[in-house]
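User: Please take a close look at one helix pair in this model and describe how the two helices are arranged against each other. A short account of the surrounding chain, and of one residue elsewhere for reference, would also be welcome.

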Amino acid sequence: MTRPTYRKPAVHAHRYRSDLPKVVTVHDNRFLAPALLEALQGRAEVVGDTAYGAAALQLAQMLTPDVVVAGELLGDGLIDHFLPHLVRAGTRVLLVVEAVHRERALELLAMGLSGVCSVDDGLADLARAVLDAAAGGAVVPPSLVASIVVEWRAGRRQGGPAMTREKLTVREMEVLNAMADGLSTKAAARLLGIAVKTVESHRTRVFAKLGVRSQAQLVAARTSRPAEPHGTIGVP
Amino acid sequence: MNHHLDQPAKAEHVSEPRQRLKLDGDRAVWREVGEEVVVLDVETATYLSLNGSGGALWKRLDAGATLSELVAELVSAYGVPEAQASKDVEDFLSALRERSLLLTA
Amino acid sequence: MLANGPGRPLGLRSFASVLRSFCLRARAVGAVARCSLDLTPLLVVQERRRLYRESMTACLKRKLDAVDVLEGVADAAGLLRLAESRHLDHAVIEVDGVPWDVARLVRSLRCHNSSVRVIGLATSVRSSAATEGVRMLSRFAGPDQVADLVAPGHASEAPFVLTSSPAGASSPLSGQQLRVLALLSLGMTVADVAARLSLSERAVAKAKVAIFSRLGVQSQAHAVASALAAGWLGPAAVVTGEDP
């Protein structure tokens, strides 16, 4: 029997030394992680993979990934349940969705989701989105942002009691417009002369406010309260 | 991508050839992944990977082994001269000790 | 028998090239033009969602050296078109929630190749394609499981991922303890775990104590982390409930 080549016994520490972005996948499709691992070869490391949200939280804590790629329906529940914890752990979360439902996307974006990818995208697209997210970019499809904004503006015109409570600040409007133009968080940060993290927190607040409005809109529609005319609301 | 752990300062501690050494099972959980052994240091939440020879030593240590047995392992598996094997084993054990992963039974 | 030189029969390869050149000269039209005698088995994935289709194709290409994995197809029509022009040996298909009759699809595939082996990936518990000789896998099936059905005994090489099925390396926990831990890690209460595993609550509580002591931990989070890291927890452990 031929002996294997001898290399001196060595210990490689992974956590602090790797200079590549770390990715954790939490998805019920078990082919995604190995495929993504290969697609990201040399550019990012998939360091953990699971089909369960609870396990993903553990992995996020242990391995401090830069990006988590998540599916919507996990082995132990919807991503909604785990998303706030993942966001709090400081990782950016990219969601792979079957269909982009505006309301739902809004809720999740308000919770701090970093971006959305579709199952109709290719593997290479997802890999690119992961690298963008790791570098501080946002991958909210501009069309999604645009449709959210359109709906919001339409809602504003109709008016309704909840509309008056939330206003977007000037900065928040700027961030929203940048997103509607398809700018990444990084590009928006550069444009506005602020930090990426600041853009991200503005973003989350914007979606939270829009969410409040559109949810209120839904409630108003269901209870068919007559629309009350209002003057200019928020920043035009 | 992965950097070698800096070689620790020459170990003060020289293992007794017949003293039984063991891994701190409370602190480290591990599994074999392909050619490597991957270890998760639960306390520091660091994961370490050991190359082929390191993994072989690790597995012996998991069951408990003396210095002589570890040296013998390298010699028989890789045909390394004993003097070199002794030195390499000592360096490896120092690295483990430094991470508080080694116990004396 | 074609011969090349004094009485020596042609090898299979040269016979194939002769046949190929014959076909080319004959300019046969239609799908039957390709008369390659390449015996490498062909496999194709049918999956409507592009991301998963590409992922599955990429994984299986990597895993199966002795099998030719074709570019995936999106739907039944695409699969049947392919089956007409290529001799498909394996097909990995969706069996749930598809807008076509799966049983009929499988039968049509068999018309083209009576010995085609079909693997169905099911997303729901009750799946009607359990007939028709389709090998069923659950939604938690991964490349290893599919590869195993296609080319049994295929060595599984896991990159450093923390949740494949329970590791061969000795786990200090018994099968039952692993199942209890797996369910606890999903956030189930002791009562839920007891109900799910048909045990008494006392038995589950006892198992919990034993788990902590064997892993040498004080908290459930630590127990889960240790077990996760060691690869003892994973979809297989929870879904099948079988002993590792």
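Analyst: In this predicted model, helices α7(A) and α8(A) are oblique to each other. Two packed helices are described by the angle between their axes and the distance between the axes. Here the angle is about 135° and the axes lie 10 Å apart. That angle falls outside the range over 145 degrees that counts as roughly antiparallel and outside the 65 to 115 range that counts as roughly perpendicular, so the pair is classed as oblique. The crossing of α7(A) and α8(A) is right-handed.

As to the residues involved, α7(A) contributes A:E174, A:V175, A:A178 and A:M179 to the contact, and α8(A) contributes A:A188, A:L191 and A:L192. By class, this contact comprises six nonpolar residues, one charged residue and no polar ones.

Helix α7 of chain A spans residues 170–180, and its buried residues are A:V175, A:L176, A:A178 and A:M179. These residues lie on the same side of α7(A), because the arc they cover around the axis is only 160°. An α-helix has 3.6 residues a turn, so residues three or four places apart point the same way. Of the buried residues, A:V175, A:A178 and A:M179 also appear in the contact with α8(A). Just after α7(A), A:G182 adopts a positive phi of about 85°, and helix α8 of chain A covers residues 185–192.

The pair belongs to a chain with nine helices and eight strands. Chain A has 236 residues, of which 45% are buried. Among its contacts with a separation of 6 or more, 68% join residues 24 or more positions apart.

For reference, chain C has 10 helices and five strands. Buried residues account for 36% of its 244 residues, and 62% of its contacts with a separation of 6 or more involve residues 24 or more positions apart. The residue chosen there is C:V204, which lies in helix α8 of chain C, residues 201–215. C:V204 counts as buried because it has 23 C-beta neighbours inside 10 Å, the cut-off being 20 or more. Leaving aside residues up to four places away in sequence, C:V204 touches C:V180, C:V190, C:V193, C:A194 and C:L199. C:A191 is 13 residues from C:V204 in sequence, and their C-alpha atoms are 8.3 Å apart in space.

Note on methods. Residues are numbered from 1 along each chain as its sequence is written. Chains are lettered from A and ligands numbered from 1 in the order in which they are written. This is a predicted model: local features need pLDDT of at least 70, side-chain atom pairs count only at pLDDT 80 or more; totals for chains, interfaces and linings use all residues. Helices (H or I, at least four residues) and strands (E, at least two) are DSSP runs, numbered from the N terminus. A residue is buried if 20 or more other C-beta atoms lie within 10 Å of its own, exposed if 12 or fewer, and partly exposed in between; C-beta atoms are placed from the backbone. Two residues are in contact if their C-beta atoms, placed from the backbone, lie within 7 Å. The arc is that of the directions from the helix axis to the C-beta atoms. Axes are lines fitted to C-alpha atoms, for helices over the stretch in contact, and angles run from 0 to 180 degrees between N-to-C directions. Angles under 35 degrees count as roughly parallel, over 145 as roughly antiparallel, 65 to 115 as roughly perpendicular and the rest as oblique. A crossing is left-handed if the near helix is turned anticlockwise from the far one by less than a right angle, and right-handed if clockwise. Ala, Val, Leu, Ile, Met, Phe, Trp, Tyr, Cys and Pro count as nonpolar, Asp, Glu, Lys and Arg as charged, and the others, Gly among them, as polar.
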